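Reader: I should like to see how the descriptive terms applied to this model are justified. Please set each value against its criterion.

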2 protein chains.
Amino acid sequence: MPTMKDVARRAGVSVSTVSRVISGSDRISAATKERVRAAMKELGFHPNAIARSLASKTAGTIGLVVSRSPENAFANSFFPEVIRGIGSVLSKHGYYLLLIMTDDPEVERAQTLAALRSRRVDGAIITSSRVSDTLFRHLVDEKQKFVLIGRVLDDLPVSYVDNDNVKVGYMATRHLIEAGYRRIAMISGDPQYIVSLDRIEGYKKAISEAGMEFRKEYLVNAGFTREAAEEACQKLLALDQPPDAIFAADDTMASGAVRAILKSGLRIPEDVGVIGVNDDPLASMMRPALSTVRIPVFELGVWAARILMDLLSDGETVPRQMVLPGTLVVRESSSTRGLFSA
Amino acid sequence: MPTMKDVARRAGVSVSTVSRVISGSDRISAATKERVRAAMKELGFHPNAIARSLASKTAGTIGLVVSRSPENAFANSFFPEVIRGIGSVLSKHGYYLLLIMTDDPEVERAQTLAALRSRRVDGAIITSSRVSDTLFRHLVDEKQKFVLIGRVLDDLPVSYVDNDNVKVGYMATRHLIEAGYRRIAMISGDPQYIVSLDRIEGYKKAISEAGMEFRKEYLVNAGFTREAAEEACQKLLALDQPPDAIFAADDTMASGAVRAILKSGLRIPEDVGVIGVNDDPLASMMRPALSTVRIPVFELGVWAARILMDLLSDGETVPRQMVLPGTLVVRESSSTRGLFSA
DNA sequence: TGCTCATGTGCAATCGTTTGCACTGCTGGA
DNA sequence: TCCAGCAGTGCAAACGATTGCACATGAGCA
């Protein structure tokens with residue numbers, strides 16, 4: 001592999017000059033530029049990114065920590081979409097994306113810390129927010145640059161972008177109420193995740209606002225998996241007073257609920273209404289097509305990346321926090337109830 | 001950030017000694033090791049990965065090129081699964097994964113080449129194989145280390161791991177035949193991808209082997225999207241002699257076909273049988289549950305990574321090629337036909 | 001004619017490691 | 001008693017770029 005030294009020799013200039021030609025900047029005569037460029041081409045020279053990083057003290061890489069938690073499990077399209085969003089920003093800035101993803105949460109934490117501490121990455125985007133996690137505190141203490149997709153409960157000075165999950169829960173529940181359903185149950189995700197707590201809060205808010213009573217037995221946890229959701233839904237339907245609508249905290253769980261309902265011989269949406277969250281491809285593909293609250297996943301990625309870029313370039317220090325809204329998407333699994341109850 | 005120099009000073013030894021303690025190797029007295037370790041801990045020292053890479057001439061990173069082609073679109077679980085497989089191997093070897101993924105194929109190629117040439121990554125795993133692509137030739141010429149998930153048509157000395165797509169096509173078609181279907185159409189993916197050609201070949205083989213006649217109008221291209229598949233299937237059903245079974249080259253397209261069939265008032269599997277490929281979560285979730293040929297995606301990732309590791313460590317030079325089999329998974333969309341025709 | 005400055009280029013230090021080689025003591029066998 | 005050999009450590013040269021500073025040249029101006 002040729003180095004700048006070789007190029008310099010060939011072009012009859014010094015390495016500094018070559019360097020300056022490459023970085024484009026500075027005052028180099030057109031003639032010299034030309035000769036250096038030619039030499040580079042002739043030798044097939046490509047600058048060594050590692051050496052460059054060492055000298056310039058920036059890795060040119062940012063880490064993306066993807067928790068393989070059920071929360072953003074791969075049954076749904078969260079992960080690819082968020083990457084797409086991030087990538088669209090990073091590529092403009094010439095950054096590469098280092099993926100940190102493993103089955104083991106401990107390994108994940110260790111790798112995240114290692115990547116940042118070893119300066120292998122200049123910053124990180126983290127896509128999980130458990131209720132209790134000391135990782136963020138560590139990162140803040142070490143003044144590492146990172147952005148969270150999600151949010152933190154305590155008042156750590158952390159930059160994050162999140163969707164408004166309280167509102168998401170509220171919108172979904174509210175929609176069911178307006179569609180005429182009266183006994184609305186919620187199948188929630190693992191309460192270890194903040195997103196779960198938020199959506200539950202929204203659910204409760206809509207319930208009480210409508211003057212309905214919150215029933216403990218109508219709120220069940222299915223850990224973001226379809227199987228658990230199906231089972232949970234069966235139990236709900238077996239109650240003395242079974243619910244006439246189900247709000248599932250994501251589309252995957254909603255699909256489980258749908259299955260349980262249909263198996264039990266009930267009709268959707270006539271007997272039981274269902275709504276999910278995410279609007280992943282599955283939702284429109286199911287029969288009946290699933291009503292849902294769409295989350296702007298791509299945008300979450302975009303904003304997380306933008307904020308991180310700012311953090312890195314401006315040396316910005318005040319944490320920025322951002323909340324994006326969801327959108328109600330009404331499909332077959334809930335829309336027509338009004339007709340029946342009317 | 002403390003450097004090895006600081007640690008060395010504190011421990012009263014030379015940098016070389018510190019380095020040797022870190023790398024674990026070599027002959028360092030227990031006492032010295034202890035002192036150095038203590039110094040590192042006291043200073044909160046973490047070795048700089050970039051400097052390390054420069055000196056050791058290995059990036060410790062491998063690139064994963066994810067083509068956002070429809071072939072491995074995110075509607076299915078190909079991408080996450082393959083990453084999981086790769087990750088499980090890489091983490092054992094202490095490698096990080098650099099993700100190269102963009103909407104634009106040209107940018108993708110450029111980034112791939114740049115990452116390898118700049119030695120930002122030690123090698124790459126590439127997940128696309130278009131029929132005509134000069135990328136591989138370039139990479140081979142430059143002696144870059146890479147493994148392809150998929151395969152090449154020409155006889156380039158390229159290491160790859162692929163599933164046996166001819167056989168996959170054969171198995172799916174054969175199954176339909178054995179289930180009693182007689183007019184079997186195929187909805188294929190974009191013929192620009194080798195995988196498509198292979199599955200078509202398998203389809204034809206099974207057809208002719210069963211003494212059936214290959215009909216040109218029974219082979220249609222739907223570019224791996226559900227919408228196109230639905231449309232294509234409608235047209236098939238409108239033929240004078242409509243098919244009584246559909247082999248779709250992936251589950252996503254199969255779901256489109258299912259929708260078209262049901263819309264037209266026909267029953268599955270009684271009137272029309274359907275089979276897909278992949279066995280992604282969607283397949284078991286659909287109603288009727290979709291018969292399919294399962295592809296060992298996780299294993300593809302594992303083997304690609306293993307082969308790349310060998311390429312990097314042994315300086316191995318003979319290309320290794322590997323083909324993994326698929327598995328027939330019979331569900332509701334095809335199984336019972338035998339009962340009716342009997 | 002002499003001085004100032006802008007322009008273009010080179011020198012050499014620096015980034016933080018790794019690693020081949022040389023050196024110092026000591027141990028133990030002949 | 002001498003010397004080979006080894007364990008333990010340090011020196012200093014890489015690795016391949018970036019960058020502050022110094023320097024040479026020639027133009028512009030008084």
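Author: A strand is here a DSSP run of type E with at least two residues, numbered from the N terminus. In this predicted model, Asn278(B) is placed in strand 9 of chain B. Its phi is near 130 degrees, a positive value in a residue other than glycine.

Reader: Why is Asn278(B) called buried?

Author: Buried means under 20% relative accessible area. Asn278(B) has 14% relative accessibility, and therefore counts as buried.

Reader: What makes Asp279(A) notable in its backbone, and is Asp279(A) buried or exposed?

Author: Most residues other than glycine have a negative phi. Asp279(A) has a positive phi of about 55 degrees although it is not a glycine. Asp279(A) lies in the loop between strand 9 and helix 12 (281-285) of chain A. The limit for buried is under 20%; because its relative accessibility is 17%, Asp279(A) counts as buried.

Reader: Which peptide bond of chain A is called cis, and what is its omega?

Author: The bond joining Ile268(A) and Pro269(A) is cis, with omega about 5 degrees. Most peptide bonds are trans. Pro269(A) belongs to the loop between helix 11 (251-263) and strand 9 (273-278) of chain A. In chain B, the bond from Ile268(B) to Pro269(B) is also cis, with omega near 5 degrees, and Pro269(B) sits in the loop between helix 11 (251-263) and strand 9 (273-278) of that chain.

Reader: What makes the approach of Ser19(B) to DNA strand C a polar contact?

Author: A polar contact requires a pair of N or O atoms within 3.5 Å. An N or O atom in the side chain of Ser19(B) is 2.5 Å from a phosphate oxygen of DNA strand C, so the pair satisfies that limit. A backbone N or O atom of Met4(B) also satisfies it, at 2.8 Å from a phosphate oxygen of DNA strand C. For Ala55(A), a backbone N or O atom lies 3.4 Å from a base oxygen of the strand, which is again within 3.5 Å.

Reader: Which elements each supply at least two residues of the surface near DNA strand C?

Author: They are helix 2 (15-23) and helix 4 (49-56) of chain A, together with helix 2 (15-23) and helix 4 (49-56) of chain B. The surface residues comprise nine nonpolar, 10 polar and five charged.

Reader: How confident is the predictor in chain A?

Author: Chain A averages a pLDDT of 91, and 94% of the residues score at least 70. Among its elements, strand 8 (residues 245-248) has the highest mean, 98, and helix 14 (residues 337-341) the lowest, 48.

Terms used
Residues are numbered from 1 along each chain as its sequence is written. Chains are lettered from A and ligands numbered from 1 in the order in which they are written. This is a predicted model: local features need pLDDT of at least 70, side-chain atom pairs count only at pLDDT 80 or more; totals for chains, interfaces and linings use all residues. Side-chain values use heavy atoms; hydrogens and water are left out. A polar contact is a pair of N or O atoms within 3.5 Å; within protein, one must be able to donate a hydrogen and the other to accept it, and residues adjacent in sequence count only if both atoms are side-chain atoms. Helices (H or I, at least four residues) and strands (E, at least two) are DSSP runs, numbered from the N terminus. Ala, Val, Leu, Ile, Met, Phe, Trp, Tyr, Cys and Pro count as nonpolar, Asp, Glu, Lys and Arg as charged, and the others, Gly among them, as polar. pLDDT is the predictor's confidence in each residue, from 0 to 100. Buried means under 20% relative accessible area, exposed over 50%, partly exposed in between (1.4 Å probe, protein chains only).
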